[in-house]
Amino acid sequence: MSSTLLIIQTLNGLQLGILLFLIAAGLTLVFGVMDFINLAHGVQYMLGAYLAAMFVAWTGDFFIGLVLALITALAFGLLLEVAVMRHLYDRDHLDHVLATFGLILFLNEGVKIVWGAAPLQVPIPAALSGSIRIADGVLYPVWRLAIILSGLAVALGLYLVVAKTKVGMLIRAGATNAPMVSALGVDIRRLFMIVFGFGAMLAGFAGSMAAPVFSVEPGMGDNLLILAFVVIVIGGIGSIRGAFIGALLVGLVDTLLRSFSVDLLRMTGLSPSDARTIGPAIASMSIYILMAAVLFFRPTGLFPAKG
């Protein structure tokens with residue numbers, strides 16, 4: 001187990017955690033404020049990646065393409081809320097699950113029709129290409145560091161909006177008692193629409209930033225959606241702080257154990273063949289074991305939303 005690999009994999013874990021936070025933040029807001037289970041949230045991550053690929057190819061500039069992708073992701077989220085989601089708010093959670101699972105199938109086929117089934121590649125911006133030296137003998141891609149820093153900036157901005165602004169006050173109040181907020185004259189449907197659209201834009205931002213690193217392909221958001229649900233369960237439903245801490249924990253645990261589980265088991269005295277057999281199995285279960293442990297000691301998550 002080399003220190004160089006440990007540093008690199010720790011940074012990779014932070015990058016995965018930041019992407020999970022950008023997805024989970026919107027998901028936990030929608031779930032916490034609207035009591036709505038949106039399985040199609042991972043599809044919005046995928047759409048963000050496809051929109052970035054399309055607009056970058058059209059404009060030839062990544063940053064212009066990113067802005068256009070975010071605007072389109074927001075508009076699509078608002079359209080989806082008006083056309084589909086708001087008709088499901090008064091239904092039970094089973095209807096939410098069935099309807100949004102249908103959206104996953106519909107939109108996955110839709111991107112195949114529009115962009116084809118072959119994976120797409122998005123070039124890394126020239127200004128952020130290459131690697132940077134972060135320690136002796138350790139080089140790390142600049143773009144991956146940019147993902148981490150931009151995610152931290154979004155987390156700070158989101159915290160300030162939720163904790164310090166009037167809109168954030170309404171979001172927190174709506175998460176606590178939506179009928180009372182509506183009775184006080186607040187248009188709760190408009191608040192729901194804003195929250196849903198903003199959550200879709202956050203997922204689209206995650207997809208746009210991930211597009212130069214991963215292949216852009218149908219279904220790319222499905223696995224991350226499962227991880228995002230694990231994140232909000234660990235962090236606490238409706239809590240932005242919980243989503244942030246939970247995402248970093250999941251990203252680091254998943255990445256580090258996938259890299260070092262075999263070495264750690266060898267250190268306990270297991271034979272190399274047994275370690276190679278057991279290690280990957282433990283690594284694949286690690287985040288679910290973490291979730292079970294958190295729920296055993298704190299059934300509402302690490303940082304549950306107040307109220």
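The following conversation concerns the fold, the cavity and a pocket of a predicted model.

User: What secondary structure elements are in the chain?

Analyst: The chain of this predicted model contains ten helices and two strands.

User: And what pattern do they follow along the sequence?

Analyst: The order is α-α-α-α-β-β-α-α-α-α-α-α. The radius of gyration is 20 Å, close to the 19 Å given by the globule rule for 307 residues, so the chain is as compact as a globular protein of that length.

User: What does the C-alpha trace span along its principal axes?

Analyst: The span is about 65 × 50 × 35 Å.

User: What percentage of the residues is buried?

Analyst: Buried residues account for 45% of the 307 in the chain. The exposed area is about 14500 Å², with 70% of that supplied by carbon and sulfur atoms.

User: Of the contacts between residues at least 6 apart in sequence, what share joins residues at least 24 apart?

Analyst: That share is 78% in this chain.

User: Changing topic: how many cavities of 30 Å³ or more does the structure hold?

Analyst: There is one cavity of 30 Å³ or more. The largest cavity has a volume of about 40 Å³.

User: Which residues line the largest cavity?

Analyst: Its lining consists of Gln 44, Leu 47, Gly 48, Leu 51, Ala 73, Phe 76 and Ala 200.

User: Which helices each supply at least two of those residues?

Analyst: Helix H2 (41-59) and helix H3 (62-83) do so. H2 gives the largest share, with four residues.

User: What is the lining like by class?

Analyst: The lining of the largest cavity has five nonpolar residues, two polar residues and no charged residues.

User: Now the pockets. What is the volume of the second largest pocket?

Analyst: The second largest pocket holds about 440 Å³ of space. It is lined by 17 residues, and those closest to its centre are Leu 16, Asn 223, Leu 224, Leu 227 and Asp 254.

User: Which elements give two or more residues to that lining?

Analyst: Four helices are involved: H1 (3-34), H8 (222-235), H9 (240-267) and H10 (272-297).

User: Which one has the largest share of the lining of the second largest pocket?

Analyst: H8 has the largest share, supplying four residues.

User: How many nonpolar, polar and charged residues are in this lining?

Analyst: The lining of the second largest pocket comprises nine nonpolar, five polar and three charged residues. In the largest cavity, by contrast, the lining has no charged residues.

Key:
Residues numbered from 1 in each chain as written. Predicted model: local features only at pLDDT ≥ 70, side-chain atom pairs only at ≥ 80, totals over all residues. Heavy atoms only, no water. 1 Å grid on protein atoms, 1.4 Å probe; cavity = no way out; pocket = protein on both sides within 12 Å on 5 of 7 lines; lining within 4 Å. Points joined across faces, edges and corners; volume = space filled by probe spheres on them. Nonpolar A, V, L, I, M, F, W, Y, C, P; charged D, E, K, R; others polar. Rg over C-alpha atoms; globule rule 2.2 N^0.38 Å. Buried < 20%, exposed > 50% of the residue type's maximum accessible area, 1.4 Å probe, protein only. Contact = heavy atoms within 4.5 Å. Areas by Shrake-Rupley, 256 points an atom, 1.4 Å probe, with all protein chains shown as cover.
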